[in-house]
Amino acid sequence: MSPAHRWPRAPILAIAGLLSAWAQLPGEQSDGIAALFGASAASTATDAGTPAEIITRGDAALTAGDADRALFEYLRALNKGGDDAAALHKIGLIHAARGNDELAENAYRRALASDPAHAGALTGLGILLTRQRRYAEAETQLLAALRRDPKTPAAHNALGVLADIQGQHRLAQAHYLDGLAHAPDSAILHNNLGYSHYLAGNNKAAIAEFREALAQKPNYAMAWRNLGLVYTRQGRYEEALAAFNKVQDLPQAYNDVGYIAMVAGKLDDAQSFFDEALRLSPEYYPTAGENARRVRTLKGK
């Protein structure tokens, strides 16, 4: 892919699948660091241990789900003159997961100023830029990450999404498979590979990959919705409803199947699903009513 290529609009499900994988992250005074990275100055007070030990404590806190504590530890590591790139990369991951894009980008770029070849920071920045639809910049960072470490599944995954955005589905699938070679149990990679097959018109392969994603992560909402999408497109409505109903209530499942059928031009099928959504939840589901009116309008043209 060339950075000069004019990037089209992203396919929503593929991007969503990419982003879901990352919700799981010199020489400045402590007050400046605290202000920059969204923590109180008090949090940067020195603590016992070497910078590496402090980063390890931060990693443990992050694994335990305490992102605030992890952030504090990484800031402490910076204040003690530790590995700037390692701490800044993890600070970037935390802020990216929280949707603090400006803080995340600043942290990643500071990490790269300290270590221009830091694969984690390059990957994190590439993913963040993808989310912002800055695709050419994202590709540059992600390719640099793979030059540094070809075994980075997240970079392969993100490059797969970028290839799918361009309609280069074979290239996308090669990236997902390269990622799976190093992370065979990755539900997100299987999901995105399945969606790439769907975009390429290979529904059988798509279903197989979505099911593999669910074998790895049974409550993976994106894979259930993608499975429901393909089943609906195939006219396998009962299976589609069952898939959607795994992650949302039944009226919403009927509405979503109806919407996909409507987009596919199957207006009679769509109307029956919207009507059923309204029957199941007439008081609380105005969306289905609006969709049903839209179908009647389309049928009247």
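The following dialogue discusses how to read a predicted protein model.

Trainee: What should be known about the model before reading it?

Mentor: The model is predicted: local features need pLDDT of at least 70, side-chain atom pairs count only at pLDDT 80 or more, and totals for chains, interfaces and linings use all residues. Residues are numbered from 1 along each chain as its sequence is written, and side-chain values use heavy atoms, with hydrogens and water left out.

Trainee: How many helices and strands are there in the protein?

Mentor: Helices (H or I, at least four residues) and strands (E, at least two) are DSSP runs, numbered from the N terminus. The protein has 17 helices and 0 strands.

Trainee: Is glutamine 173 buried or exposed?

Mentor: Buried means under 20% relative accessible area, exposed over 50%, and partly exposed in between (1.4 Å probe, protein chains only). Glutamine 173 counts as buried because its relative accessibility is 13%. This residue lies in helix H10, residues 169–182. In the protein, 50% of the 301 residues are buried.

Trainee: Which residues does glutamine 173 touch?

Mentor: Contact means heavy atoms within 4.5 Å. Not counting residues up to four places away in sequence, glutamine 173 touches Leu193, Ser196, His197 and Ala200.

Trainee: Where does arginine 211 lie, and what is it in contact with?

Mentor: Arginine 211 lies in helix H12, residues 203–216. Leaving aside neighbours within four places in sequence, arginine 211 is in contact with Leu227 and Tyr231. Arginine 211 counts as partly exposed because its relative accessibility is 44%.
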